[in-house]
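Hi everyone, thanks for making time. Let me put the structure up on the screen, and then I'll talk you through it.

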Amino acid sequence: PGAHMAMGYRHLQGHGTPKSCSTAALNYIEVARRVADVYSAGMPQAVELVRLGVDGRDKKAMSASEVSLFVEIAASGDANI
C-alpha cells in the first residue's frame with residue numbers, strides 16, 4: 001500500500017508525474033481496498049510498538065511504576081489520558 005500512497009500523492013501534486021486527480025484517486029482507492037481487506041477480519045495484532053514524540057532531548061528515565069501504568073493504558077486501548 002505504501003507505493004500506491006506515494007504514487008497517489010505524486011499524481012495529485014504532479015511531482016515527477018503528470019498532475020492527475022483521477023489517477024491519484026485510483027491509487028488511493030487501491031490503498032483503501034487493501035486496508036479494508038486487512039480490517040474486515042477484525043483488528044490486526046500490533047507487530048511493532050513505536051514511541052512517538054521522543055527525539056532524544058529532555059529524556060528522563062521512567063520509573064517502573066510509570067512504565068507499568070503506560071503499558072496498562074496501552075493494553076486497554078484507551079487513548080484519552
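I'll begin with the ground rules, then go to the overall fold, one helix pair and two residues.

This is a predicted model, so to speak of local features we ask for pLDDT of at least 70, side-chain atom pairs count only at pLDDT 80 or more, and totals for chains, interfaces and linings use all residues. Residues are numbered from 1 along each chain as its sequence is written, and side-chain values use heavy atoms, with hydrogens and water left out.

Now the overall picture. The protein has three helices and zero strands; these are DSSP runs, numbered from the N terminus, with helices being H or I of at least four residues and strands E of at least two. Along the sequence that reads α-α-α. Of its 81 residues, 10% count as buried, where buried means under 20% relative accessible area, exposed over 50%, and partly exposed in between, with a 1.4 Å probe and protein chains only. The accessible surface is about 7000 Å², and 60% of that belongs to carbon and sulfur atoms; the method is Shrake-Rupley with a 1.4 Å probe.

Next, the helix pair. How do H1 and H2 run relative to each other? H1 covers residues 2–13 and H2 residues 21–40, and their axes come within 7 Å, crossing at roughly 160°. Axes here are lines fitted to C-alpha atoms, for helices over the stretch in contact, and angles run from 0 to 180 degrees between N-to-C directions. The two helices are therefore roughly antiparallel, a label for angles over 145 degrees.

Who makes the contact, meaning heavy atoms within 4.5 Å? From H1, the residues include His-4, Met-5 and His-11, and from H2 they include Cys-21, Tyr-28 and Arg-34.

Finally, two residues of H2. Cys-21 sits in this helix, and is it buried or exposed? Cys-21 is exposed, at 58% relative accessible area. Its C-alpha atom is 6.8 Å from that of His-11, 10 residues away along the chain. Ala-25 is also placed in H2, but counts as partly exposed at 32%. The C-alpha atoms of Ala-25 and Met-5 are 9.9 Å apart, with their positions 20 residues apart along the chain.

That's my tour, thanks for listening!

Note on methods:
Angles under 35 degrees count as roughly parallel, over 145 as roughly antiparallel, 65 to 115 as roughly perpendicular and the rest as oblique. Contact means heavy atoms within 4.5 Å.
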